[in-house]
Amino acid sequence: MRNPLSKKITAIKPSGIRKFFDIVSEMEDAISLGVGEPDFNTPWHIREEGIYSLERGKTHYTSNAGLKELKVEICNYLKRRCNLEYNYNDEVLVTVGGSEAIDIALRAMLDDGDEVIIPQPSYVSYEPCVVLANGVPVIVKLQEKDNFKLTKQQLLDTITDKTKVLVMPFPNNPTGAIMTYEDLKDIVDVIIEKDIFVISDEIYSELTYDREHVSIASFPGMKERTIVINGFSKSYAMTGWRLGYACGPQPIIEQMVKIHQFAIMCAPTTSQFAAVEALKNGDVDVKNMRETYNQRRRFLMYKFKELGIPCFEPFGAFYVFPNISKFGMTSEEFAMKLLEEEKVAVVPGTAFGDCGEGFLRISYAYSIENLKIAMEKIENFIKKL
């Protein structure tokens, strides 16, 4: 019998995050700090709007690109939060989560052999999505000494004649690093001079601490070469609603809609109605959740300092990225032993790229009570080491 499987697909490694999640799901009394999902329920007024849309019989397809009302609210939101102006009619696409937006943006933009620069450590989907789109991933290793930011020199050293797209994963998963206005300004001239495009994943844009989020698309000359990816999972605790969006130049969005049209048809209708309510009336919810995350962030930073474990201070997302290299184990060995001996699940840094070796990703999208128990267990584990 012939092999029914694609060589390209079988060569792609499964997610390192899910590996630990699957183990934890089979383990009683384990504390998981591994999955990047808010522990909050979707705010009630947003859920209620989804329920109300069902009661009104709003159960049919929307247009391929999404509900007009939602696209208008997305444009309003980006104008007031990021000083970005888009035409709802042909520069906005509503997708099934931010992940779909990343996938179809790459598929719409890449020809065989085009290179895509991916700063790592970063979200696990970028590299496989480039491969699936027949592009060539080119990895830039972000450094702790640079606060895990992409530097101008790193970018210059990586760009070739085949470079077409740069992925900008900030605020960053897993490090929590952000790029300030000054940081972004430093690389914008390079991007324009070298005539490359940007996919800016801003899914954590509402979760920044002591710093305001700045979109790279807001710089002069950048909107016409940037696809902004965002969504509702992290900011509004709407992971299960599976809703994201992409905004960008009309010629690129038009081709993304075509792929979305054939592969998906449209994003879930109920989710879209709920998202309209989130954008209109959800600012207070986001503020309250952000304040709670910030409290947890400060707690973890204090505890790691107390334990003598170096930990880069994150100013975005809801992760810390402690450096455990002094213990003489790989990230995976450390994470597996911690799970086996103390029943605490964290994610090895290598799940986010080889340069994550020596680090762990710990999510603080969990209650302060769980974080306290987990840190006690981590302290016990370290004392044994």
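**Exercise 1.** Determine which residues of helix 5 are buried in this predicted model, and check the length of the helix.

*Solution.* Begin with the terms: helices are DSSP runs of H or I with at least four residues, numbered from the N terminus, and buried means under 20% relative accessible area, calculated with a 1.4 Å probe on protein chains only. In helix 5, the buried residues are G97, G98, E100, A101, I102, D103, I104, A105, L106 and M109. Because ten of its 13 residues are buried, helix 5 is largely enclosed by the rest of the structure. For the length, the expected span is 1.5 Å times one less than the number of residues, so helix 5 (residues 97-109) should span 18 Å, which agrees with the 19 Å between its end C-alpha atoms.

Residues are numbered from 1 along each chain as its sequence is written. Local features need pLDDT of at least 70 and side-chain atom pairs count only at pLDDT 80 or more, while totals for chains, interfaces and linings use all residues, and side-chain values use heavy atoms, with hydrogens and water left out.

**Exercise 2.** Explain why C75 and C82 form no disulfide, a pair of cysteine sulfur atoms within 2.5 Å.

*Solution.* For C75, the closest cysteine sulfur is in C247, at 6.0 Å, which is too far for a bond. For C82, the closest cysteine sulfur is also in C247, at 9.7 Å, again too far for a bond. The structure as a whole holds zero disulfides. As for their surroundings, C75 is buried with a relative accessible area of 9%, and C82 is buried with 11%.

Notes. A disulfide is a pair of cysteine sulfur atoms within 2.5 Å. Buried means under 20% relative accessible area, exposed over 50%, partly exposed in between (1.4 Å probe, protein chains only). Helices (H or I, at least four residues) and strands (E, at least two) are DSSP runs, numbered from the N terminus.
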